[in-house]
Amino acid sequence: MTDLLLKNPERALTAKQFQQLADVPPELEWFANLSSEKTRKAYQNDIRGFAHFAGIHNPAEFRIVTRSHVIAWRKTIEEKKFSDATIRRKLSALSSLFEYLCEKNAVTHNPVKGVKRPAANNNEGKTPALSNDQARQLLEAPPEDTVKGQRDRAILATLLYHGLRRQELCNLRVKDYQRRSGVMMFHVHGKRKKERFVPVEPKTQRLIAEYLETAGHGADLEGALYRPVKNNTTGDLTKSLNPRSVYRDVVMCYAKQVGITLDTHGFCVHSLRATAATNALDNKADIAKVQEWLGHANVSTTRLYDKRNSRPEESPSFKVEY
């Protein structure tokens, strides 16, 4: 259907095309309106799983789903030993679909409402944050005398000092590193197409300047800020970094090199975001400002990084003496 419209960008809709658009079920509209590709794929898999369980073969059959169907499905996925977070996401996906159908008057109510979901751990996020010493070791791990080393130092500083998601980092263009009101900032393109401006701290500014001078693409405003230094497939070194490369070739590479992964289980790229948020809050940053800084839609998500009331060094474990 999309291809049909793209072939006639200058032309008014024919009667047939108009009818095709008018006949699109709201169930499919809901999928199309999910802006995040990652969310869309996850939700599609979740809805596909429910449809298979309930024997749904066409979108209109979602309109006869009852609460009993949802409860039976929840019981089935619980028996498959999915994590609580996965079960919550699956039920959220189904609930989101039915909320949209209610808005479109395709159904009279949301059958997922009232279906019990596993309780969330609202006290602390599961992603481990680094200590200040570990963060410093990681920042200093890349070599200073190579293009890759200079790039990687700038990348690690961008993540650890500014709390960007790795996709947000990969999305940065040269023009997104810009001066506003006399301050250098990252123009960050976040989730759900939300944009924010993040001031860049001085050390990161120096590292980016050194990297751009050596790499030589500082004047390519429309090009990617962080680029590959080699490409064995196509040879193209002007494209954006792949998020998988940031994980494998930058963060995990240097984390293993300095010994972080030995006993910091669950360490990942998101750990750098958690470290930035935890450090900012520990140093008395306002939690509302941290929420805006991280691009969180809800402050409850930001609170997962607030460990000010649960510092390990203040544990009674260290008060016991024998």
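**Notes on the fold: loops, core and charged pairs**

1. Starting with a loop residue: Lys81 is exposed, at 72% relative accessibility. Bear in mind that this is a predicted model. Lys81 sits in the loop between helix 5 (67–79) and helix 6 (84–103), and its phi is near 65°, which is positive even though the residue is not glycine. For context, most residues other than glycine have a negative phi.

2. Lys284 is another one to look at. This residue is not a glycine either, yet its phi is positive, at about 70°. Lys284 comes just after helix 12, in the loop that leads from helix 12 to helix 13 (287–294). With a relative accessible area of 78%, Lys284 is exposed; the cut-off for that is over 50%.

3. Helix 12 itself covers residues 270–282, 13 residues in total. From first C-alpha to last, helix 12 reaches 18 Å, close to the 18 Å expected at 1.5 Å a residue. Is helix 12 mostly covered or mostly exposed? Mostly covered: ten of the 13 residues are buried. The buried set includes Ser271, Leu272, Arg273 and Thr275, along with Ala280 and Leu281 towards the other end.

4. Now the strands. Strand 1 (residues 177–180) pairs with strand 2 (residues 183–189) in the antiparallel sense, over four bridges. Gln178 is opposite Met185 of strand 2. The hairpin leaves two residues between the strands, and Ser181 there has a positive phi near 55°.

5. On to the packing. The largest nonpolar core has 48 residues, and those touching the most other members are Leu138, Phe186, Leu225, Tyr226, Phe267 and Leu272. Plenty of elements feed into this core: helix 7 (132–140), helix 8 (147–162), helix 9 (166–171), strand 2, helix 10 (202–215), helix 11 (243–257), helix 12 and helix 13 each supply at least two residues. Apart from this core there is another, of 21 residues, with Phe50, Val65, Leu101 and Ala106 among its members.

6. Phe267 is worth a click in the viewer. What does Phe267 contact, once neighbours within four places in sequence are left aside? The partners are Pro128, Leu130, Leu138, Val251, Met252, Ala255, Ile260, Thr261 and Leu272. Two of those names, Leu138 and Leu272, also appear with Phe267 among the core residues that touch the most other members.

7. Charged pairs next. Side chains of opposite charge can pair when their charged atoms come close. The count here is 13 salt bridges. One of them joins Arg151 to Asp152, at 2.8 Å from N to O, and both of these residues are buried. Another links Arg165 and Glu168, with 2.5 Å from N to O; Arg165 and Glu168 are buried as well.

8. Which residue does Lys175 pair with in a salt bridge? The partner is Glu222, and the closest N and O atoms are 3.1 Å apart. Lys175 lies in the loop between helix 9 and strand 1, while Glu222 lies in the loop between helix 10 and helix 11, so this salt bridge ties together parts that are 47 residues apart in sequence. Lys175 is partly exposed, with a relative accessible area of 37%, whereas Glu222 counts as exposed, at 54%.

9. Last item: a network of salt bridges links Asp46, Arg89 and Lys90.

Terms used. Residues are numbered from 1 along each chain as its sequence is written. This is a predicted model: local features need pLDDT of at least 70, side-chain atom pairs count only at pLDDT 80 or more; totals for chains, interfaces and linings use all residues. Side-chain values use heavy atoms; hydrogens and water are left out. Two strands pair if DSSP finds at least two bridges between them. The expected span of a helix is 1.5 Å times one less than its number of residues. Buried means under 20% relative accessible area, exposed over 50%, partly exposed in between (1.4 Å probe, protein chains only). A nonpolar core is a set of buried Ala, Val, Leu, Ile, Met, Phe, Trp, Tyr and Cys residues joined through side-chain atoms within 4.5 Å. Contact means heavy atoms within 4.5 Å. A salt bridge is a side-chain nitrogen of Lys or Arg within 4 Å of a carboxyl oxygen of Asp or Glu.
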